[in-house]
Each structure stands twice: as C-alpha cells, then as structure tokens.
Amino acid sequence: MALNGNGCCWVQERILSGNGCGVFLTPRSRSSTAILPLKSTALSFSSSFQFQGFVVDRKQSSSSIQTAAVRHLVGSVTKTQGLRFAVVVARFNEIVTKPLLEGALDTFRKYSVNEEDIDVVWVPGSFEIGIVAERVGKSRNYHAILCIGAVIRGDTTHYDAVASSVASGVLSAGLNSGVPCIFGVLTCENMDQALNRAGGKSGNKGAECALTAIEMASLFDHHLK
C-alpha cells in the first residue's frame, strides 16, 4: 500500500485463479477502515493485468506455445563429388609424415574423392605449414586443407616453441582464408609415440584427419556458403 499526493492510498489487490492471476491497483481514501477484496472473478491465461499504469496482455496458453523447427547442419562424408582438397606435408620427420600422408590419401580414395581433386604440397618442416596453408586457402581452389607434420620433443625447449607456433599457424590459416584447415600435426614425446599414431597400434591420424577434412568441406560447401 502506498500514498499519493492527493492523500489517497493505492491498494494492491490480487485475485488468483487456476489459470492465472491479476494484479490491480485501486484507490482508497485515508479514512478507509477496511480493505475490501474485489469480487472474485475467474481469470483465463489470456487475460491482461494492469500494474502502475502499464497493461500487459497474456494471449498465449502454455499448450499453444510453439517453437520454430530446429535445423541441424551436418557435413556429409558420402557427398564428395566436386570437392577439392590440398594436403600440406612437412618433410622433416618424413618417417612419420609419409605414412600419415598415405593414410590420408587412402581415406580420400575410400570416400570417392577423385585423385585429380587432390594436390599435395611439401614444405621443409612443420613450422612452415601455416603460412603455406593460408596461401593455398586464399587461392580459392580447394574446399579444405589437411595439414600434416610431426613435432617430437627433444632435449631442449625447441619443441614447445615449434608445437605452439604450428598450432597457431594452422588455426590462423583457416581463419584468415575462410577455408577449413585441419590440424594433422603430431606433437609427441618420442618417436615411438609418433610411429604408433602413423599407422601403428594407435591407428593412423592422417586417415582420421582426412575424414574430418571431407566432412568440413561438405559442411562449408553445402550449408555455409
């Protein structure tokens, strides 16, 4: 209850029903000795209520609220016709990167990517992958770029600097070119770990990344143009 400048008070009165509620402000003089409730009235959920001069309409019931259909955009690994790919491969640690490349090419063949739609670009080491991938992406000749390399920890901190720079370079290449650049660079503690991931007991990461490249290329080409 509140007073206004004319010596009257405004009394908030509330009526509850099974379907909704209404809040009303009604004037009462100071001399009023009793507050009488408004006559009970059934309110539907579509009624309106007034609060401090504002009227809000509530026109929808909970059963009639509808949501728009949600679209799920997903890349396909079967619709590969017309998709072109570039593979940027580091020569350094070729004993690892060559099996990774072979796994990637084999996956492309299994998923019906034409060989003439695949270009392989060799670079000296993993550090050079990023800048080449960006240039390749900006050529607009490819739908996705697969980046393959191997960085193996040694006795110095060289590993940390290179691994971080390679990851940032591949990410920047994709962001700056607008073409998906897939990170297929192994960052391992030793050579055994790398070989295990290049066709050994841990599978072939080159093959896995090729599948990612196909899906991302399809997503961009069919849904995100």
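1. Start at A86, which stands opposite I145 in strand 8. Bear in mind as you look that this is a predicted model. The pair belongs to a parallel arrangement: strand 6 (residues 85-90) and strand 8 are joined by five bridges. On to the next partner: strand 8 also pairs with strand 9 (residues 181-188), again in the parallel sense, over eight bridges. If you want a landmark there, take L146, which stands opposite I182 in strand 9.

2. How many of the nine residues of strand 8 are buried? Nine of the nine, across residues 144-152, so strand 8 is largely enclosed by the rest of the structure. Both of its faces are covered. On one side you'll find A144, L146, I148, A150 and I152, and on the other I145, C147, G149 and V151, all buried.

3. A quick step back to the whole protein. It has five helices and 11 strands, and buried residues make up 34% of its 225 residues. Take the contacts between residues at least 6 apart in sequence: 67% of them join residues at least 24 apart. The accessible surface comes to about 13800 Å², with 53% of that belonging to carbon and sulfur atoms.

4. N93 is worth a click. This residue lies in the loop between strand 6 and helix 1, and it is buried because its relative accessible area is 18%, under the 20% cut-off. A polar atom of the N93 side chain lies 2.9 Å from the backbone oxygen of A150. Leaving out residues up to four places away in sequence, N93 touches A150, I152 and M191. A150 and I152 are on one side of strand 8, while M191 turns up again in the next point.

5. M191 joins I95 and L195 in a nonpolar surface patch of about 250 Å². L195 sits in helix 4 (residues 191-196). With 32% relative accessibility, L195 counts as partly exposed.

6. Next, S177, in helix 3 (residues 158-177). Is S177 buried or exposed? Buried: its relative accessible area is 1%. The S177 side chain reaches the backbone nitrogen of V179 at 3.2 Å. Setting aside neighbours within four places in sequence, S177 is in contact with E134, G137, K138 and R140.

7. Two of those contacts, E134 and K138, also meet each other: their side chains form a salt bridge (3.0 Å, N to O). Both lie in helix 2, four residues apart, which is about one turn of the helix. K138 is partly exposed, at a relative accessible area of 47%.

8. R140, another contact of S177, lies in the loop between helix 2 (129-138) and strand 8. At 57% relative accessibility, R140 counts as exposed. Check its backbone too: phi of R140 is near 60 degrees, a positive value in a residue other than glycine. Why flag that? Because most residues other than glycine have a negative phi.

9. S112 deserves a similar look, with a positive phi of about 65 degrees although it is not a glycine. You'll find S112 in the loop between helix 1 (94-110) and strand 7 (118-123). S112 is exposed, with a relative accessible area of 52%.

10. Back to charged pairs. The structure holds nine salt bridges, and one of them has the side chains of R153 and D160 meeting at 3.6 Å, N to O. R153 is partly exposed at 31% relative accessible area, and D160 is partly exposed at 40%.

11. K205 and E208 are another pair, with side chains meeting in a salt bridge (3.5 Å, N to O). Relative accessible area is 26% for K205, which is partly exposed, and E208 counts as partly exposed at 42%. Both lie in helix 5 (residues 205-222), three residues apart, about one turn of the helix. Elsewhere, R84, D117 and D119 are joined into one network by salt bridges that share partners.

Notes:
Residues are numbered from 1 along each chain as its sequence is written. This is a predicted model: local features need pLDDT of at least 70, side-chain atom pairs count only at pLDDT 80 or more; totals for chains, interfaces and linings use all residues. Side-chain values use heavy atoms; hydrogens and water are left out. Helices (H or I, at least four residues) and strands (E, at least two) are DSSP runs, numbered from the N terminus. Buried means under 20% relative accessible area, exposed over 50%, partly exposed in between (1.4 Å probe, protein chains only). A polar contact is a pair of N or O atoms within 3.5 Å; within protein, one must be able to donate a hydrogen and the other to accept it, and residues adjacent in sequence count only if both atoms are side-chain atoms. Contact means heavy atoms within 4.5 Å. Patches are made of residues with over 30% relative accessible area and no salt bridge: like charges are joined within 9 Å, nonpolar side chains (Val, Leu, Ile, Met, Phe, Trp, Tyr) within 5 Å. Accessible areas come from the Shrake-Rupley method with a 1.4 Å probe; for residues, only the protein chains shown count as cover. A salt bridge is a side-chain nitrogen of Lys or Arg within 4 Å of a carboxyl oxygen of Asp or Glu. Two strands pair if DSSP finds at least two bridges between them.
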